[in-house]
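User: I'm new to this structure and would like a close look at one part of the picture: the pairing of charged side chains. Please take me through it step by step.

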Amino acid sequence: MALKIGILLGDDIGLEVVPEAVKVMTAAAEQTGLAIEWRPLPIGRKAHEAHGTTMPPGTIETLSGLDGWLLGPIGHSAYPRNDPTWFNPPLRKKFELFASVKPVRSYPNLPSVHKNMDVVFVRETTEGLTRGGTVVAGNGEFRPNDEISIGMRVVTRRGANRVARVAFEIARTRPRKKVATVHKAPTFKLVCGMFAEECHKVAADFPDVTLEDVLIDSFALKLAMKPQQYDVVVTTNTFGDIFTDLGAGLAGGLGLAPGICAGEHQAMAQATHGSAPDIAGKGIANPYAMIMSGKSLLEWLGHKRGEPQAVAAAKCIDAAVDRVIAEAKHLTPDVGGKASTSQMGDAIVAVM
Ligand code: NAD
């Protein structure tokens, strides 16, 4: 059966990098006999111009019936603050996309702070401190008087257990088979304590995977000094938000930082970078992050839906991207090349 995948361009460079991901995924699907039904859907500034809202109701309804989708970056800071029709699409919460999976990898011939990095971050995305994740209404913060502000952090056994399970499942497929659970349980005995307890419970179901506890402050040092020691890292929402960006920075920057947000039944491909208004329209955005996010979506759907052609298509993209990077003839300026966004996408397709 065809995979139903939505295309949500987002804003600014989203209009340039998402079409490259679609182009590469389509070529890989043709190679492996995978059928994909694409569903372009309006979102962001273009949707506001056409429908008066950044997230038209039809978009949400259609997403419910899809296997997954590509979401381009949303240019939040360009949105007028007091206009209720502009909002950050609540897709993670609405579709229970609870695990943000972000592979961070350095390449020998590209500039990076560290070489030989190959880490997968798994961040919980529906709980913790982050606005919208903690409460049904409101934003999880309040100010009882002008001298005090209070923020709530939520960890549930279910939330911790399911994200830990994603981390162990990924670790099981990797050569080193190691998970580091990052928290501060000795200090935050209840919230971090519960997260760590659930990671240990899940570990019992994966005797082939090694689990290590790392305190968040010590992790900051160890990641900065020797990130090569980590394989799969699982952590709570806000810790993960910060450390996935640090990981991306150590391995080569935002142009090389892909990701997916996965739930029980659906997943969304979303690169770490924002909409980069400073380079939008110039045709120089690096499409790697969005292309590799699309690749991860195919891999995830392939395993979830039992579609070997989708897993094969993901492998095909991996191999082609590796070759284009190793040859270094069609790279965008952020990684030292001279190619345009579409020339890099074309080169990946040509290799396939
Ligand atoms: P940004 O990630 O858009 O840009 C930071 C820097 O990295 C810029 O110099 C940019 O040119 C560069 N960069 C980013 N992606 C690149 C790519 N693919 N290739 C080459 N260079 C790239 O962060 P920002 O400038 O802080 O935010 C811009 C807008 O994006 C804001 O409106 C912000 O709210 C929004 N944002 C959205 C998301 C999202 O939707 N996931 C994430 C972060 C920021």
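Analyst: **Salt bridges, up close**

Let's start with Arg157, which is partly exposed at a relative accessible area of 36% (buried is under 20%, exposed over 50%, and partly exposed in between, for a 1.4 Å probe and protein chains only). Before going further, please note that this is a predicted model, in which local features need pLDDT of at least 70 and side-chain atom pairs pLDDT 80 or more, while totals for chains, interfaces and linings use all residues. Residues are numbered from 1 along each chain as its sequence is written, and side-chain values use heavy atoms, with hydrogens and water left out.

Side chains of opposite charge can pair when their charged atoms come close. Arg157 does this with Glu198, in a salt bridge of 2.8 Å from N to O (a side-chain nitrogen of Lys or Arg within 4 Å of a carboxyl oxygen of Asp or Glu). Because Arg157 sits in helix H5 (residues 157-172) and Glu198 in helix H6 (residues 191-203), the pair ties together parts 41 residues apart in sequence. Helices here are DSSP runs of H or I with at least four residues, strands are runs of E with at least two, and both are numbered from the N terminus. Glu198 itself is buried, with a relative accessible area of 2%. The picture widens from there: Arg157, Glu198, Glu197 and Lys201 are linked in a network of salt bridges.

Now for a pair within one helix. Lys23 and Glu20 form a salt bridge at 2.6 Å, N to O. The two residues are three apart in helix H1 (residues 14-32), so about one helical turn separates them. Their surroundings are worth a look too: Lys23 is partly exposed at 26% relative accessibility, whereas Glu20 is buried at 7%. Helix H1 also belongs to a right-handed β-α-β unit with strands S1 and S2 (right-handed means that, with the strands pointing away from the viewer, the path from the first strand over the helix to the second runs clockwise).

Strand S2 (residues 36-40) brings us to one more pair. Glu37 meets Arg39 in a salt bridge, with the closest N and O atoms 2.9 Å apart. Glu37 is partly exposed, at 35% relative accessibility, and Arg39 is partly exposed as well, at 29%.

These pairs are among the 20 salt bridges counted in the model.

Terms used: Two strands pair if DSSP finds at least two bridges between them.
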